[in-house]
Amino acid sequence: MILQLADERKLSLDAKLPEIPDEAVVGWLRHADGISIRYRNFIDLSPIFKEVEGKVIEGSPVLDTTLAAERIDAAAGVMSTLRDLLKFGRALFRGDLLSEQSRRFLMAAAEGMADLDEGESRVWAMQAARKPYGVIVYKGGDRPGGATAVLAFHPKSDAIFAAFVNSFGHFDESDFLLDVVCLSAVGAP
Amino acid sequence: MSARTSKWFLVALSGLALIASCQTTKSDRLEAALQIGVEKGYPGASAAIEQAGGRPIFAAAGYGDLEHGIASRTHDCFTSEASPKRSAPS
């Protein structure tokens with residue numbers, strides 16, 4: 001099996017996916033000390049993933065892990081564009097993709113969130129967080145294949161936000177997308 | 001507000017104040033915000049925002065292919081990495 005769970009804490013990036021679209025960005029894994037500090041032996045990198053010569057980010061080498069087969073376990077390896085992700089978000093948050101009952105279930109994470117302190121967050125069917133610019137309902141995450149993506153809905157402004165960073169290993173990419181980029185899009189408080 | 005969120009918020013406010021002083025379009029603001037991440041060390045980033053009844057706005061910054069110096073594009077294809085995690089504890 002190309003994805004191996006060597007033990008409960010260990011992934012093994014040891015094979016490549018056969019192909020990806022030409023339009024795909026390169027996924028970069030920042031081979032940071034943080035990976036071993038925060039998640040000891042979390043990832044065993046196969047030698048098939050080479051460090052890019054001369055490229056260092058925040059003191060760490062970077063590896064092209066675009067074709068890491070491990071990434072297929074996130075969203076089934078579905079690839080998308082911002083335009084398509086917005087279209088999906090439109091149907092999900094505003095459209096008829098879900099019944100009203102299902103939509104309420106989906107959005108339940110945000111219930112009462114406006115009354116909580118800034119910085120509070122939940123992970124239910126969706127994720128929700130109380131940001132300085134209001135409550136944001138979102139789904140986001142990262143993978144060692146070298147990408148971090150967020151799809152979010154900001155009820156206060158009725159805005160749908162989609163964003164991604166083509167890296168893994170900083171461990172703050174999702175925070176950046178929500179706290180900086182989304183803030184710039186929906187407006188400062 | 002967690003320390004991490006607080007840190008980003010201060011960075012964002014500083015950056016956005018600068019942006020607001022010299023740029024006006026939503027696309028410019030979005031791109032300038034993405035650029036903050038690129039300058040921090042992310043290879044590339046893209047984002048889109050769509051408000052109800054409005055046209056979507058797209059922006060990109062940095063490199064889609066860092067090794068070969070190919071810029072990020074708003075129509076780039078990427079994996080929908082969606083394994084959620086909470087923000088790191090402060």
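In chain A, 58% of the contacts with a separation of 6 or more join residues 24 or more positions apart. For chain B the corresponding share is 32%. Both values come from a predicted model. Two features stand out for this briefing: a helix pair that joins chain A to chain B, and a nonpolar core of 62 residues.

**The two chains**

- Chain A contains four helices and 13 strands.
- Of its 189 residues, 44% count as buried.
- Chain B contains two helices and four strands.
- Reading chain B from the N terminus, the order of elements is α-α-β-β-β-β.
- Chain B has 90 residues, and 42% of them are buried.

**Where the helices of A and B meet**

- Helix 4 of chain A spans residues 173-186, and helix 2 of chain B spans residues 26-40.
- Their axes come within 8 Å and cross at roughly 160 degrees.
- An angle over 145 degrees counts as roughly antiparallel, so helix 4 of chain A and helix 2 of chain B are roughly antiparallel to each other.
- The crossing of helix 4 of chain A with helix 2 of chain B is right-handed.
- Chain A brings F176(A), V180(A), V181(A), S184(A) and A185(A) to this contact.
- Chain B brings R29(B), L30(B), A33(B), L34(B), I36(B) and G37(B).
- Sorted by type, the residues of this contact are eight nonpolar, two polar and one charged.
- V180(A) sits in helix 4 of chain A. Is V180(A) buried or exposed? V180(A) has 25 C-beta neighbours inside 10 Å, and 20 or more are needed to count as buried, so V180(A) is buried.
- V180(A) and D158(A) are 22 residues apart along the chain, and their C-alpha atoms are separated by 18 Å.

**The nonpolar core**

- The largest nonpolar core has 62 residues.
- Which element gives the most to this core? Helix 4 of chain A does, with nine residues.
- The residues with the most contacts inside the core are V137(A), A152(A), A162(A), V181(A), C182(A) and A47(B).
- V181(A) therefore appears twice in this briefing: it is on that list, and it also takes part in the contact with helix 2 of chain B.
- A152(A) touches I136(A), V137(A), Y138(A), F161(A), L178(A) and C182(A), leaving aside neighbours within four places in sequence.

**A buried glycine in a loop**

- G27(A) lies in the loop between strand 2 (10-13) and strand 3 (28-30) of chain A.
- G27(A) has 28 other C-beta atoms within 10 Å, so this loop residue is buried.
- Its contacts beyond four places in sequence are T65(A), T66(A), G145(A), G146(A), A147(A) and N166(A).
- T66(A) is 39 residues from G27(A) along the chain, yet their C-alpha atoms are separated by 4.4 Å.

**Two positive phi angles**

- Most residues other than glycine have a negative phi.
- D158(A) is not a glycine, but its phi is positive, at about 55 degrees.
- D158(A) belongs to the loop between strand 11 (147-154) and strand 12 (159-165) of chain A.
- With 15 other C-beta atoms within 10 Å, D158(A) is partly exposed.
- F171(A) is not a glycine either, and its phi is positive at about 65 degrees.
- F171(A) belongs to the loop between strand 13 (167-168) and helix 4 of chain A.
- F171(A) has 19 C-beta neighbours inside 10 Å, so F171(A) counts as partly exposed.

**Two more places in chain A**

- F49(A) is in the loop between strand 4 (43-45) and strand 5 (51-57).
- Why is F49(A) partly exposed? F49(A) has 19 other C-beta atoms within 10 Å, and buried status needs 20 or more.
- F49(A) and L98(A) are 49 residues apart in sequence, and their C-alpha atoms are 41 Å apart in space.
- K87(A) is in helix 2 (residues 82-93) of chain A.
- K87(A) counts as partly exposed, with 17 C-beta neighbours inside 10 Å.
- From K87(A) to L106(A) is 19 residues in sequence and 17 Å in space, C-alpha to C-alpha.

Key. Residues numbered from 1 in each chain as written. Chains lettered and ligands numbered in written order. Predicted model: local features only at pLDDT ≥ 70, side-chain atom pairs only at ≥ 80, totals over all residues. Axes fitted to C-alpha atoms, helices over the stretch in contact; angles between N-to-C directions. Parallel < 35°, antiparallel > 145°, perpendicular 65-115°, else oblique. Left-handed = near helix turned anticlockwise from the far one by under 90°. Contact = placed C-beta atoms within 7 Å. Nonpolar A, V, L, I, M, F, W, Y, C, P; charged D, E, K, R; others polar. Buried ≥ 20, exposed ≤ 12 C-beta atoms within 10 Å, placed from the backbone. Core = buried A, V, L, I, M, F, W, Y, C linked by C-beta atoms within 7 Å.
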